[in-house]
Amino acid sequence: MSLIYKIGLTLIKSVGHVTAKSLLEHFGSAEAIFKASKKELLQIPGIGPVTADQILANDALKTAEVQLKFIKKHKVEALFYTDDNYPKRLKHCFDAPVLLYYKGTADLNHSRIISIVGTRKATEYGRELCKQLAVTLADYDVVIVSGLAYGIDIAAHKESLYQNIPTIGVLAHGLDRIYPSLHQPTAQKMVLNGGLLTEFPLYTNPDKENFPKRNRIIAGLADATIVVEATGKGGALITADIANSYNRDVYAFPGRTIDVSSEGCNFLIKTNRAALINHAKDLAYYLGWDEVKSQKTKQTQMLIGLSAEEQKIVDLLQVSAIRIDELAIQSEMPQSKLAMHLLSLEMQGILISLPGKLYKLSG
């Protein structure tokens, strides 16, 4: 029953993501919000009489019943902001959606997630870069995210599927449709090896204003965003700017100065909004990734002379490089103490630091 309240919270017209999170923090659950009195609701900053009346009217709950029937029938997963399986990378973003609808098999908290974006009018050069990315990244156990749009997006999805890489399409509409409809066959394959994700409820049209909202999810889900081809204006540059605002890495392939489809990439590189990459191997280097298929399984071992906290850090770094902020969460250490241990381990030659505040074991 609690799911209907979670869905209902996102359907209240005057309650956005920030207000919803404020209500959740105060009342503890979506159900408690709907069961609160008007007096209790009015005590929350940003909640006026109109919003309070909308919550108490329960119209949102009636609409939520329709959503609930659909997701149960079509085996859609509803991911609420306070749920353990909500995408952790996205949750760290200040404007993360309160609720996501997801249909698929890929792990949204996979250890390596990359977003690939670009122009809707991809050239042969851009499509070839998508192919090279997929061929190379297939050895790195990644999940690839894009927006299921024409051009670079669909090329990234198709090449990922061809290389058996899980790929997730983030939609600017509800899961009751696929836009553009031409990409329906690809979307069906993605549900089996990847998935489809959206914050929008049923019957939401792919309106223009929804695409920037969609782009923030593409940026927030991933460790890094790659811009393959981009014109001087468009969604790819918006996604890159959003990724930068989240303090995520952005990379771009350079192009000829006379090519319109490379204007955006060249601009991002020139203005230090993106790091230049020529090959997917560059990305792996920047992120401190090892090839999963070729590497020998690392065995966790106790190193002589390490404190319990230092050994905990070493154990966490056994699989792959980790950002310092994520390492702080996983190790349950304050960043000040963590930084001290990282410096000690680095001086002992046990780990090395990489660009992007990443750390990995040496050797």
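The following questions and answers concern the sheets, helices, pocket and cavities of a predicted model.

Me: Which strands stand at the edges of the open sheet of nine strands?
Reply: The nine strands follow the order β1-β2-β6-β5-β4-β3-β7-β8-β9, and their pairing is mixed. A strand at the edge has a single partner strand, so one side of that strand is left without a neighbour in the sheet. The strands in this position are β1 (77-80) and β9 (275-276).

Me: Which residue in β8 is the bridge partner of Ala224?
Reply: Strand β7 (residues 224-227) and strand β8 (residues 249-252) run parallel and are joined by four bridges. Within β8, the partner of Ala224 is Asp249.

Me: What angle does the direction of helix α14 make with that of β8?
Reply: Helix α14 (residues 280-287) packs on the sheet and touches β3 (113-117), β7, β8 and β9. Relative to the direction of β8, the direction of α14 makes an angle of about 160°.

Me: Which strands are the edge strands of the sheet of three strands?
Reply: This open sheet has the order β10-β12-β11, with antiparallel pairing. An edge strand here pairs on one side only. The edge strands are β10 and β11 (351-354).

Me: Which residue in β12 does Leu354 stand opposite?
Reply: β11 runs antiparallel to strand β12 (residues 358-361), and four bridges join the two. Opposite Leu354 in β12 stands Leu358.

Me: Are α15 and α17 roughly parallel or roughly perpendicular to each other?
Reply: The axes of helix α15 (residues 308-316) and helix α17 (residues 335-347) come within 10 Å and cross at roughly 80°. Angles of 65 to 115 degrees count as roughly perpendicular. The two helices, α15 and α17, are therefore roughly perpendicular.

Me: Which residues in α15 meet α17?
Reply: On the α17 side, the residues met are Lys337, Leu338, His341, Leu342, Ser344 and Leu345. By class, the contact of the two helices has five nonpolar, two polar and three charged residues. The residues that α15 brings to this contact are Glu309, Glu310, Ile313 and Val314.

Me: Which element gives the most to the lining of the largest pocket?
Reply: The largest pocket holds about 800 Å³ of space, and 32 residues line the pocket, with Arg89, Asp223, Ile322, Arg323 and Glu326 nearest its centre. At least two lining residues each come from α7 (88-91), β10 (322-323) and α16 (324-331). With five residues, the element that gives the most is α16.

Me: How many charged residues does the lining of the largest pocket have?
Reply: The lining residues of the largest pocket fall into three classes, including 13 nonpolar and nine polar residues. The number of charged residues in this lining is ten.

Me: What is the volume of the largest cavity?
Reply: Two cavities of 30 Å³ or more are present in the structure. Among the residues lining the largest cavity are Arg120, His173, Tyr179 and Arg214, and by class this lining has eight nonpolar, two polar and two charged residues. The volume of the largest cavity is about 50 Å³.

Me: Which helix supplies the largest share of the lining of the second largest cavity?
Reply: The second largest cavity contains about 40 Å³ of space, and its lining includes Gln67, Phe70, Ile71 and Tyr101. By class, this lining has seven nonpolar, two polar and no charged residues. The largest share, three residues, comes from helix α6 (residues 59-73).

Notes:
Residues numbered from 1 in each chain as written. Predicted model: local features only at pLDDT ≥ 70, side-chain atom pairs only at ≥ 80, totals over all residues. Heavy atoms only, no water. 1 Å grid on protein atoms, 1.4 Å probe; cavity = no way out; pocket = protein on both sides within 12 Å on 5 of 7 lines; lining within 4 Å. Points joined across faces, edges and corners; volume = space filled by probe spheres on them. Nonpolar A, V, L, I, M, F, W, Y, C, P; charged D, E, K, R; others polar. Pairing = 2+ DSSP bridges. Axes fitted to C-alpha atoms, helices over the stretch in contact; angles between N-to-C directions. Parallel < 35°, antiparallel > 145°, perpendicular 65-115°, else oblique. Contact = heavy atoms within 4.5 Å.
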